[in-house]
Amino acid sequence: MTALADDLTMQLAQVVPCTEAEGPGKRFAVWFQGCPLRCPGCCNPEFLPFRGGQTNTLCEMSEWLGRAREETGIEGITLLGGEPFAHAVAAAALAREARQRGLSVMVFSGYTIEQLREMSEPGVGELLGLTDILVDGPYIREQPDTERRWIGSKNQRIHFLTGRYSYDEQWRQRNTLEIRVRGGESSVNGFPAKDAVGLWKGWKRTKTSPGRPATSETPGPEAK
């Protein structure tokens, strides 16, 4: 890692070092803070503003990624948001770190692949070139997808940009939701069934810090 890359920072909303609810196998999931899109019914509305979250350096994230690989045997990283391509320079740098460790890269974007290929913003082309699986398109709450695992709405497409993955049986399973409880704190990730949405609404997520996943405070009885 060069000195310049070492100083690169990224604004993050949440990190889950090992999850099976954000793509094939065990994955290191990173949610970026900030999205220019405003999909009605977004699962993470608190991740939309570009202000907020926590600033982490590429060096911190690289070290965290390495620990997760050694301790949990992750096979890849998943970049979500927010909108990863709105943070393309930082996201590409993190994807490059993952690839150098032999890990795969999966990205969820509200943009279509056609739109991404037309963008000239720094880092967009590089991030796309480092991606093994791209799930593209805006979330449409009126078209919930109940047949493809890890996919939010029926309009969204799965692009296998390398030969590392294909549309196999694991994609035909139902979506899952992961809830972790540590002491008095809970963290939630994954895409829930429609009748499970109330499980996390009203929870206040705390900031991410290196080596520790973002957490949420459980809501009171009135939360829905």
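## Phe-160 and its aromatic partners

In this predicted model, Phe-160 has a relative accessibility of 27% and therefore counts as partly exposed. Trp-171, by contrast, is buried, with a relative accessible area of 0%. Phe-160 and Trp-171 form an aromatic pair with edge-to-face geometry, the ring centres lying 5.6 Å apart and the planes standing at 90° to each other. Because Phe-160 belongs to strand β7 (residues 157-160) while Trp-171 sits in the loop between β7 and β8 (177-182), the pair ties together parts of the chain that are eleven residues apart in sequence.

Phe-160 and Trp-171 also belong to one aromatic cluster, which is completed by Trp-150 and Tyr-167.

## The Phe-28 and Trp-64 pair

Over the whole structure, a search finds four aromatic pairs. One of these joins Phe-28 and Trp-64, whose ring centres are 5.8 Å apart and whose planes meet at 90°, so the arrangement is edge-to-face. This pair links distant parts of the chain, since Phe-28 lies in strand β2 (residues 27-32) and Trp-64 in helix α2 (residues 58-72), with the two positions 36 residues apart in sequence.

Are Phe-28 and Trp-64 buried or exposed? Phe-28 counts as buried because its relative accessibility is 0%, and Trp-64 is likewise buried, its relative accessible area being 2%.

## Packing of helices α2 and α3

Helix α2, which carries Trp-64, packs against helix α3 (residues 88-100) at an angle of about 30°, and the two axes are 10 Å apart. The crossing in which α2 passes α3 is right-handed. On the α2 side the contact is made by Leu-58, Met-61, Ser-62 and Leu-65, and on the α3 side by Ala-93, Leu-94, Glu-97 and Ala-98. Sorted by class, the residues of this contact comprise six that are nonpolar, one that is polar and one that is charged.

## Cysteines and the surroundings of Cys-35

How many disulfides does a search of the whole structure find? The search returns zero disulfides. For Cys-35, the nearest cysteine sulfur is that of Cys-39, at 6.5 Å, and Cys-35 is in no disulfide; the criterion applied here requires the two sulfur atoms to be within 2.5 Å, so a separation of 6.5 Å does not satisfy it.

Cys-35 is found in the loop between β2 and β3 (54-57), and it counts as buried because its relative accessibility is 7%. Another cysteine, Cys-59, is partly exposed, with a relative accessible area of 24%. When neighbours within four places in sequence are left aside, the residues in contact with Cys-35 are Phe-47, Leu-48, Phe-50, Gly-82 and Glu-83. The C-alpha atom of Cys-35 is also separated by 8.9 Å from that of Phe-85, although the two residues are 50 residues apart along the chain.

## The protein as a whole

The secondary structure of the protein amounts to five helices and eleven strands. Of its 224 residues, 48% count as buried. Considering the contacts between residues that are at least 6 apart in sequence, 66% join residues that are at least 24 apart.

Notes
Residues numbered from 1 in each chain as written. Predicted model: local features only at pLDDT ≥ 70, side-chain atom pairs only at ≥ 80, totals over all residues. Heavy atoms only, no water. Buried < 20%, exposed > 50% of the residue type's maximum accessible area, 1.4 Å probe, protein only. Phe/Tyr/Trp six-rings, centres within 6.5 Å; stacked < 30°, edge-to-face > 60°. Helix = DSSP H or I, 4+ residues; strand = E, 2+ residues; numbered from the N terminus. Axes fitted to C-alpha atoms, helices over the stretch in contact; angles between N-to-C directions. Left-handed = near helix turned anticlockwise from the far one by under 90°. Contact = heavy atoms within 4.5 Å. Nonpolar A, V, L, I, M, F, W, Y, C, P; charged D, E, K, R; others polar.
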